[in-house]
Amino acid sequence: MAKRQVMDKQEPEERINNFAEVAQGFTEKEAVAEAQRCLQCDKSPCVDGCPVGVPIPDFIELITAKEFSEALATIKEKNAFPAICGRVCPQEEQCEAECVLGNKGEPVNIGALERFVADWELEKDSADKKEIETEADRAKVAVVGSGPAGLTAAADLAKLGYQVTLFEALSEAGGVLKYGIPEFRLPKAIVNKEIKELEELGVEIKLNTLIGATLSLDDLWEDGYEAVFVGVGAGLPYFLNLPGENLNGVYSANEFLTRVNLMKAYKFPEYRTPITLGNQVAVIGAGNVAMDSARTALRLGAEEVSIVYRRSRNEMPAREEEIENAEAEGVNFQLLRNPVKIIGNEEGWVKGLECVEMELGEEDSSGRPRPIPIEGSNFTIEVDTVIVAIGQGPNPLLSKKTPELETNDWHNIIVDEESYQTSIAGVFAGGDVIGGNATVIAAMGDGRGAAQAIDEYLQSK
Amino acid sequence: MAKILAKRKLAPEIYFFEVAAPLVAAKAQPGHFVIVRADQTGERIPLTIVDYDREGGTIDLVVQRVGASTQELASLAVGDSFLDLLGPLGEPVEIEKIGTVVCVAGGLGVAPVYPKAKYLKEAGNEVINIVGARTAEMVIMKEEMSEVADEIYFSTDDGSLGHEGFVTEVLDSLLAEGKEVDEVIAVGPAIMMKGVAEVTAKYDVDTIVSLNPIMVDGTGMCGGCRVTVGEETKFACVEGPAFDGHLVDFDELMRRQGHYQSKEEKAEHKCKLEKEVE
Ligand SMILES: Cc1cc2nc3c(=O)[nH]c(=O)nc-3n(C[C@H](O)[C@H](O)[C@H](O)COP(=O)(O)OP(=O)(O)OC[C@H]3O[C@@H](n4cnc5c(N)ncnc54)[C@H](O)[C@@H]3O)c2cc1C
Ligand SMILES: Cc1cc2nc3c(=O)[nH]c(=O)nc-3n(C[C@H](O)[C@H](O)[C@H](O)COP(=O)(O)OP(=O)(O)OC[C@H]3O[C@@H](n4cnc5c(N)ncnc54)[C@H](O)[C@@H]3O)c2cc1C
Ligand code: SF4
Ligand code: SF4
Ligand code: FES
């Protein structure tokens with residue numbers, strides 16, 4: 001059996017000095033060679049691993065025949081944004097986890113193949129793209145939030161012939177794809193191309209429009225919208241509630257990443273938004289958000305960047321590949337350590353992080369071993385910047401301004417699992433705001449499911 | 001894009017803008033603010049909605065040049081547009097008839113105080129305005145503030161208009177004379193609001209202040225605007241910007257406002273150099 005092809009990467013020493021994409025993508029030769037490894041299994045277990053059911057063997061077979069356009073069309077039947085998913089899906093837990101070749105540790109590199117065909121098309125002149133045929137103008141539908149859930153819902157509804165308006169609070173569309181995931185992992189030019197395609201489908205994008213403030217849901221009904229999809233994500237940053245958390249030099253990951261990605265603080269002062277970063281940075285947490293923050297801090301010139309995590313390496317929620325990238329780039333892992341206090345100097349700037357050592361106990365409700373502090377093991381690490389990346393919840397703004405929109409104790413909008421229908425007739429929701437998997441592809445799956453449900457709802461109206 | 005329909009210089013470095021923003025005007029209430037960005041490389045800058053005209057679909061903004069980004073905003077002319085304008089943001093202040101309200105405004109704080117004074121007056125309150133600035137030249141919106149007040153006092157650091165000294169001294173003597181005051185609203189530099197809160201604590205008068213921490217999104221997404229109010233952390237952009245002045249940790253606010261000072265100074269230095277070269 002031929003070896004699994006992997007993408008070339010920029011060397012760690014080099015890449016920590018720039019924001020360019022780390023993984024370089026397959027050449028045509030590599031792509032075809034990798035595609036030839038696929039056994040074209042009858043049962044195709046890989047497809048079951050994909051949350052949106054991309055017809056994996058079919059598109060891979062088309063790559064072996066160098067029918068790249070057809071391969072892309074095949075993926076797009078199920079996944080509207082393969083250039084994005086090919087890059088950021090946790091494939092090792094999804095499609096590739098189920099690949100039969102995975103038994104020997106070398107599953108087909110499905111993500112890289114998906115990315116290859118998507119990039120191949122994006123690089124071509126969009127002029128020779130096929131006109132997408134949409135049906136005649138149907139009802140007006142509003143999509144609130146332009147993350148992967150909203151983008152997918154908008155694309156599907158537009159293809160069905162609905163007049164779709166996408167409302168976004170920020171100054172750019174894309175949600176976390178723009179403000180959260182850094183350029184070196186997902187180039188913004190790719191996201192922009194996908195968004196441009198959406199506009200070509202006839203979707204109108206209204207930026208700087210905060211639903212709940214600029215317009216209420218009632219205003220949308222008055223403006224003639226007959227259904228609404230809410231995909232406002234989980235943008236509310238959690239803090240630890242530790243002493244010293246409001247010291248200068250303490251950021252939420254959201255603030256840190258938004259300044260750098262959306263506002264391009266790494267190009268300060270050409271771009272006016274500043275970021276103040278010290279030499280020793282501690283990032284608290286070990287998910288994708290934490291890895292992105294740590295690797296961003298390195299690229300901004302921090303001398304030493306540590307991940308501080310209360311469990312061990314096995315429990316780290318980030319994608320394996322991103323943990324490896326972070327390690328290769330020199331991020332320091334302070335595992336089994338939990339922060340208890342952020343220490344400041346006289347001027348109120350961070351100068352240290354007091355932690356306690358932890359050990360792992362019995363499994364807790366999350367199925368992971370419970371971290372238990374070891375009494376008397378407190379110690380302080382010298383840091384001048386702390387980035388809190390312990391998770392985020394749904395932003396309560398819209399639900400607060402719309403009391404009829406029912407939410408649970410964590411501010412997640414409650415929906416019917418099958419139909420994505422919320423407590424308000426005609427209002428549907430999906431993506432991170434309804435809880436669930438917190439992955440790009442899961443949000444897209446919700447967007448697609450909700451678009452179908454909205455179509456059914458409007459047809460039966 | 002929000003088009004600038006009118007622009008006036010109110011004082012050195014302080015400009016008034018009338019901006020077309022029909023959706024924002026339709027929803028605006030006293031206490032709301034917007035976040036604007038001049039252009040693609042610009043920073044997101046929070047500005048209070050000073051007044052609004054629902055029918056005309058316009059809002060009024062006042063910008064004081066303090067750094068590079070406000071300089072950029074101030075340099076825009078009639079016919080230009082702000083690339084981005086998001087709002088109305090924040091929680092409006094409740095406007096009810098409560099009796100006698102003293103509005104204290106320091107420097108640019110007049111801009112955010114004005115709509116509150118105006119609508120408090122319309123709601124039937126006795127409104128006393130105390131307006132302060134460094135010098136007479138820097139006192140903005142004198143006529144507007146007089147029109148909406150039953151009594152108005154001025155104070156300047158150099159005595160060029162009204163009392164020589166601080167607005168806090170004017171407020172203190174008013175309360176010391178035994179004036180019955182039901183509420184004080186204070187907006188200005190953090191140090192001034194801190195002083196006002198100290199005075200009113202002495203006389204046990206309810207005090208509302210409007211905080212101006214550094215903000216990014218203005219929608220509750222970054223936490224950069226967090227302030228401590230009564231031992232609790234609040235996100236000023238969604239839970240404020242108005243808070244009970246007796247509970248605010250002003251020292252923390254002032255410290256956090258200085259977060260980017262050294263960076264900004266460097267940038268501004270560069271910006272001035274570029275100007276000289278031009
Ligand atoms: C730093 C980071 C790294 C990640 N890495 C990965 C990864 O590698 N792989 C992966 O699969 N997942 C990753 N995730 C998770 C993934 O990005 C999210 O699960 C996904 O983006 C959720 O999509 P969404 O459409 O529900 O919401 P979001 O992407 O959060 O988008 C919501 C949008 O709605 C807008 N909005 C909010 N409120 C309003 C309102 N009231 N009116 C108008 N607009 C509003 C917001 O501004 C935002 O643009 C990462 C997340 C972060 C933060
Ligand atoms: C809710 C709210 C309403 C406001 N309303 C007005 C208004 O109506 N008119 C007006 O002119 N200004 C207003 N401000 C303040 C204005 O946003 C800042 O002056 C501006 O962001 C400074 O940007 P700069 O780049 O020009 O200055 P910088 O060079 O960034 O800084 C100059 C000085 O201003 C302080 N500063 C920097 N950024 C901010 C910020 N985002 N908020 C507050 N202070 C900051 C710094 O500590 C520094 O001392 C308001 C702020 C808030 C939070
Ligand atoms: S969408 Fe994600 S999970 Fe599905 S096949 Fe593509 S990379 Fe795999
Ligand atoms: S399981 Fe693996 S080998 Fe089998 S069809 Fe899917 S990708 Fe190909
Ligand atoms: S400005 Fe970002 S949360 Fe308030």
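Contact here means heavy atoms within 4.5 Å. Keep that cut-off in mind for the stops below. The model is predicted.

**Stop 1: B:T70**

Select B:T70 in chain B. This threonine sits in helix α2, which covers residues 68-74. Is B:T70 buried or exposed? Its relative accessibility is 9%, so B:T70 counts as buried, the limit being under 20%. Now show what touches it. Leaving aside neighbours within four places in sequence, the contacts of B:T70 are B:I45, B:V63, B:Q64 and B:R65.

**Stop 2: B:M1**

Go to the start of chain B and pick B:M1. This residue belongs to the segment before β1, the strand spanning 2-11. B:M1 has a relative accessible area of 76%. That is over 50%, so B:M1 is exposed. Which residues does B:M1 contact, once neighbours within four places in sequence are set aside? Select B:S81, B:F82 and B:L83. Then draw a distance from B:M1 to B:V36, C-alpha to C-alpha. It should read 9.8 Å, for two residues 35 apart along the chain.

**Stop 3: chain A as a whole**

Zoom out and show chain A as a cartoon. Chain A has 17 helices and 16 strands. Its radius of gyration is 23 Å, close to the 23 Å from the globule rule for 461 residues, so chain A is as compact as a globular protein of that length. Along the principal axes, its C-alpha atoms fill a box of roughly 70 × 60 × 50 Å.

Switch on the surface of chain A. About 19,100 Å² is exposed, and carbon and sulfur atoms supply 45% of that area. Of the 461 residues, 58% are buried. Take the contacts in chain A between residues at least 6 apart in sequence: 67% of them join residues at least 24 apart.

**Stop 4: ligand 3**

Select ligand 3 and show the residues around it. Four cysteines are easy to pick by name: A:C50, A:C85, A:C89 and A:C95. Add A:P51, A:V54, A:I56 and A:I441. Then add A:N79, A:Q91, A:Q94 and A:E114 to complete the shell. How does this shell divide by class? Eight residues are nonpolar, three are polar and one is charged.

**Stop 5: ligand 4**

Move on to ligand 4. Around it, select A:C38, A:C41, A:C46 and A:C99. Next come A:L39, A:P45, A:P57, A:V100 and A:V108. Colour this shell by class: nine residues are nonpolar, with no polar and no charged residues.

Note on methods
Residues are numbered from 1 along each chain as its sequence is written. Chains are lettered from A and ligands numbered from 1 in the order in which they are written. This is a predicted model: local features need pLDDT of at least 70, side-chain atom pairs count only at pLDDT 80 or more; totals for chains, interfaces and linings use all residues. Side-chain values use heavy atoms; hydrogens and water are left out. A residue is near a molecule or strand if one of its heavy atoms lies within 4 Å of it. Ala, Val, Leu, Ile, Met, Phe, Trp, Tyr, Cys and Pro count as nonpolar, Asp, Glu, Lys and Arg as charged, and the others, Gly among them, as polar. Helices (H or I, at least four residues) and strands (E, at least two) are DSSP runs, numbered from the N terminus. The radius of gyration is taken over C-alpha atoms; the globule rule is 2.2 Å times the number of residues to the power 0.38. Buried means under 20% relative accessible area, exposed over 50%, partly exposed in between (1.4 Å probe, protein chains only). Accessible areas come from the Shrake-Rupley method with a 1.4 Å probe; for residues, only the protein chains shown count as cover.
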